[in-house]
Structures are given as C-alpha cells and as structure tokens.
Amino acid sequence: MNLFELVLYIIEAIIVIASIYAAETRNIAYAILSLLLISVLTAIIFYMLGALFVSMVQLGVFSGAIIVMFIFVFVMTRGGVPVDGE
C-alpha cells in the first residue's frame, strides 16, 4: 500500500463517518455542515484520481447548493432563536 492509497482510504473513511453522522444527528445545521464536508472530500477524491473538471463541478454546483440550503435552514428555523410565546 502506497501513500496515495492510504490517503484515499482515510478520506473514504471520513466520508462514511460524516454520512452516518448526517443521517443520525438531530441538529439540522450540523447535518448540513456534514453534507458540505462530504461534498468537499468527494471533490478531493475526484481531483486525486485525475478528474479535475468533475472535481470543480462537484465544488461549484453541489457545495454551492448545500451552502444555499444552509442559509434557507437558518431563515426557516430563525437560527435556533425561540419565537415569542413558545
């Protein structure tokens, strides 16, 4: 096993752990940040495998969509601040 394979396996293990965390957590903000981590690490794997264009699309499109989803979550849930009367 060379260094390339070792780094690839470590990144894949982090992706699996972050996926389980995103599915199991009750905090929406942490779940979305976990999805962002998964998207960035997937782009790194694509880059390591030589697919530069796919890596840039992964970062631009999917990570951008996750960031927009993060903003909508805070707008819809008022950022975790309780509303008067609740």
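Among the elements of the protein chain in this predicted model, helix α1 has the highest mean pLDDT, at 94, while α3 has the lowest, at 85. Taken over the whole protein chain, the average pLDDT is 86, and 90% of the residues score at least 70.

The secondary structure of the protein chain consists of 3 helices and 0 strands, and the order of the elements, read from the N terminus, is α-α-α. Of the 86 residues in the protein chain, 22% are buried. Where contacts with a separation of 6 or more are considered, 54% of those in the protein chain are between residues 24 or more positions apart.

The interior can be approached through its largest nonpolar core, which comprises 7 residues, namely Leu8, Ile11, Ile15, Ala18, Ile38, Leu41 and Ile45. Two helices, α1 (3-24) and α2 (28-48), each supply at least two residues of this core, and α1 gives the most to it, with 4 residues. Within this group, Ile15 can be followed individually: once residues up to four places away in sequence are set aside, Ile15 touches Ile38, Leu41, Thr42 and Ile45. Of these partners, Ile38, Leu41 and Ile45 are themselves listed among the residues of the core.

A polar side chain in helix α2 deserves separate attention. Ser34 is found in α2, and with a relative accessibility of 5% Ser34 counts as buried, because the cut-off for a buried residue is under 20%. Leaving aside neighbours within four places in sequence, the contacts of Ser34 are with Ala18, Tyr21 and Ala22, and Ala18 is one of the residues that make up the largest nonpolar core. The C-alpha atom of Ser34 is separated by 9.4 Å from that of Ala23, a residue 11 positions apart from Ser34 along the chain.

The next step is the pairing of α2 with the helix that follows. Two packed helices are described by the angle between their axes and the distance between the axes. For α2 and helix α3 (residues 52-76), the axes come within 8 Å and cross at roughly 175°; since angles over 145 degrees count as roughly antiparallel, α2 and α3 are therefore roughly antiparallel to each other. Sorted by class, the residues in the contact of α2 with α3 are 20 nonpolar and 5 polar, with no charged residues.

A second serine can be examined on the α3 side. Ser55 lies in helix α3, and Ser55 is buried, with a relative accessible area of 3%. When neighbours within four places in sequence are left aside, Ser55 is in contact with Ala43, Phe46 and Tyr47; these three positions fall within the span of α2, residues 28-48.

What, finally, is the state of Leu49, buried or exposed? Leu49 is found in the loop between α2 and α3, and Leu49 is exposed, because its relative accessible area of 55% lies over the 50% cut-off. The C-alpha atoms of Leu49 and Leu8 are 9.5 Å apart, although 41 residues separate the two positions along the chain. Leu8, for its part, belongs to the largest nonpolar core, whereas Leu49 is an exposed residue of the loop between α2 and α3.

Methods:
Residues are numbered from 1 along each chain as its sequence is written. This is a predicted model: local features need pLDDT of at least 70, side-chain atom pairs count only at pLDDT 80 or more; totals for chains, interfaces and linings use all residues. Side-chain values use heavy atoms; hydrogens and water are left out. A nonpolar core is a set of buried Ala, Val, Leu, Ile, Met, Phe, Trp, Tyr and Cys residues joined through side-chain atoms within 4.5 Å. Buried means under 20% relative accessible area, exposed over 50%, partly exposed in between (1.4 Å probe, protein chains only). Contact means heavy atoms within 4.5 Å. Axes are lines fitted to C-alpha atoms, for helices over the stretch in contact, and angles run from 0 to 180 degrees between N-to-C directions. Angles under 35 degrees count as roughly parallel, over 145 as roughly antiparallel, 65 to 115 as roughly perpendicular and the rest as oblique. Ala, Val, Leu, Ile, Met, Phe, Trp, Tyr, Cys and Pro count as nonpolar, Asp, Glu, Lys and Arg as charged, and the others, Gly among them, as polar. pLDDT is the predictor's confidence in each residue, from 0 to 100.
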